[in-house]
Each structure stands twice: as structure tokens, then as C-alpha cells.
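The following note sets out points for consideration on the model shown below. Each point may be read alongside the sequence and the coordinates.

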Amino acid sequence: MSIDSEKCVWANGTAEDVRVFDTDIGKIGGLFCYEHHMTLEKYAMFIKGEQVHAGLWGGHGFVKDTMDFASRQYAFEGQVFVIISAGYMEESMIPDSFALKKQTIWDYPGGSGIISPRGEYIIGPVYGKEEILYAEIDLDQIIRAKTVIDSVGHFSRPDIFRFEIIG
């Protein structure tokens, strides 16, 4: 039987770990990698008022397409800006002195970018190199996106559904 090593280390936590922080530039939250596929965790971030989302990804090559569509969906579904930070690393960047260099697959193509609340890239994604990305965001775009679909407003059907964060 094979167990995903990431789940052995990072799977545990409490409701207090699902947080959105008030800052001068808006309400910021974040998730890592496949947490972007956890429907209830995403919804918790949305109802906490997240406006800017830090989408952190290990950036493994085998999740490249998943990372792209999950990040764009997150932005569209939550009407938030998503800043993707994805790992970029090639074998040539690893010192020959690292004992496990040849036993490891160094497939981290990157994919960083910034996505609008409509699910469209403002800048990026950037693959195959290190690069710092800059973009101006206008939080009023969130209001405009919510006029189309507001996943935590009346579209969420609060008259028949209830979501509770325990903890």
C-alpha cells in the first residue's frame, strides 16, 4: 500500500487554521496545492471574505494543468484575485554534492501568475524560469464579478443550505 507522504505531514489541523487576514490591501487568505480542490475549505475562505488569495503550489510538472484550471476556477468561483506562486526547479540547479540528486525527479516547471476575479490571467503564467510578477489590482473588480455570480451571496441559496465551520 502506498501513502501520500504529504498527507502524513500536512493533513492535520483545526478550524482555526482556515484563516483570512485583514490587511491594508484587502482580505488575504491562502491554500497550498491540492487544498484548492477541497470544496468546503474553499467555501470557508469565501465566506470569511477573502479578496486576495495566495495560491501556493509545489509546481510539480504532473500537476501543471491541474494547477492552472484549479487556480482559475478558484478565482472565478470565489470572485477573488489569485496570486499563484509555483515552484521552479531543474536538476541543473541542484548541487552535485546533494546525495539524492540522481534519485529524485526535479520536475518543477513553475507556473506563477496573477488571475482576476473573472478567472482570467492578468499576468502569466510563467513557466521555465524564475521571474517576479507585478500587477495592479482593483478590488472593485470583485464587486463587478459578484454581479454575475456570488457564490456566498444569494446564489448560495441560504434559504435551503447552511454551512458551519466547527471549532
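1. Phe-21 and its partner. In this predicted model, Phe-21 stands opposite Ile-28, a residue of strand 2. The two strands concerned are strand 1, residues 20-23, and strand 2, residues 26-32; they run antiparallel and are joined by four bridges. The connection is a hairpin, with two residues between strand 1 and strand 2.

2. Surroundings of Val-20. Strand 1 also contains Val-20. Which residues does Val-20 contact once its neighbours within four places in sequence are left aside? Lys-27, Ile-28 and Gly-29 are among them, and Ile-28 is also the residue that stands opposite Phe-21. The remaining contacts of Val-20 are with Met-45, Lys-48, Gly-49 and Glu-50. Of these, Met-45 falls within the range of helix 2, residues 39-47. By contrast, the C-alpha atoms of Val-20 and Ser-97 are separated by 41 Å, the two residues being 77 apart along the chain.

3. Pairing of strand 2 with strand 3. Strand 2 pairs with strand 3, residues 52-57, in the parallel sense, and five bridges are found between them. Within this pair, Phe-32 stands opposite Leu-56 of strand 3. To pass from strand 2 to strand 3 the chain goes through helix 2, and the resulting β-α-β crossover is right-handed. Strand 2 thus has strand 1 as an antiparallel partner and strand 3 as a parallel one.

4. Cys-33. Phi of this residue is near 50 degrees, a positive value in a residue other than glycine. Cys-33 is located in the loop that leads from strand 2 to helix 2. Is its position buried or exposed? The relative accessible area of Cys-33 is 6%, and because buried means under 20%, Cys-33 counts as buried.

5. Arg-157. A positive phi is also found at Arg-157, about 55 degrees, although this residue is not a glycine. Arg-157 belongs to the segment that follows helix 4 (140-148). Its relative accessible area is 37%. This value lies between the limits of 20% and 50%, and Arg-157 is therefore classed as partly exposed. The two residues may be read side by side: Cys-33 is buried, whereas Arg-157 is partly exposed.

6. The cis peptide bond. Where does the cis peptide bond next to Pro-125 lie? The bond joins Gly-124 and Pro-125, and its omega is about 5 degrees. Pro-125 is part of strand 7, which covers residues 121-127.

7. Overall organisation. The protein has four helices and seven strands. Read from the N terminus, the order of its elements is α-β-β-α-β-α-β-β-β-β-α. Along the principal axes, the C-alpha trace spans about 60 × 40 × 30 Å. Among contacts with a separation of 6 or more, 62% are between residues 24 or more positions apart.

8. Burial, surface and charge. Of the 167 residues of the protein, 34% count as buried. The accessible surface comes to about 10,800 Å², and carbon and sulfur atoms account for 55% of that surface. How far apart are the mean positions of the positive and negative charges? There are 15 positive and 25 negative charges, and their mean positions are 4 Å apart.

Terms used:
Residues numbered from 1 in each chain as written. Predicted model: local features only at pLDDT ≥ 70, side-chain atom pairs only at ≥ 80, totals over all residues. Heavy atoms only, no water. Pairing = 2+ DSSP bridges. Right-handed = clockwise from strand over helix to strand, strands pointing away. Buried < 20%, exposed > 50% of the residue type's maximum accessible area, 1.4 Å probe, protein only. Contact = heavy atoms within 4.5 Å. Areas by Shrake-Rupley, 256 points an atom, 1.4 Å probe, with all protein chains shown as cover. Lys, Arg positive; Asp, Glu negative; His and termini not counted. Charge placed at Lys NZ, Arg CZ, Asp CG, Glu CD.
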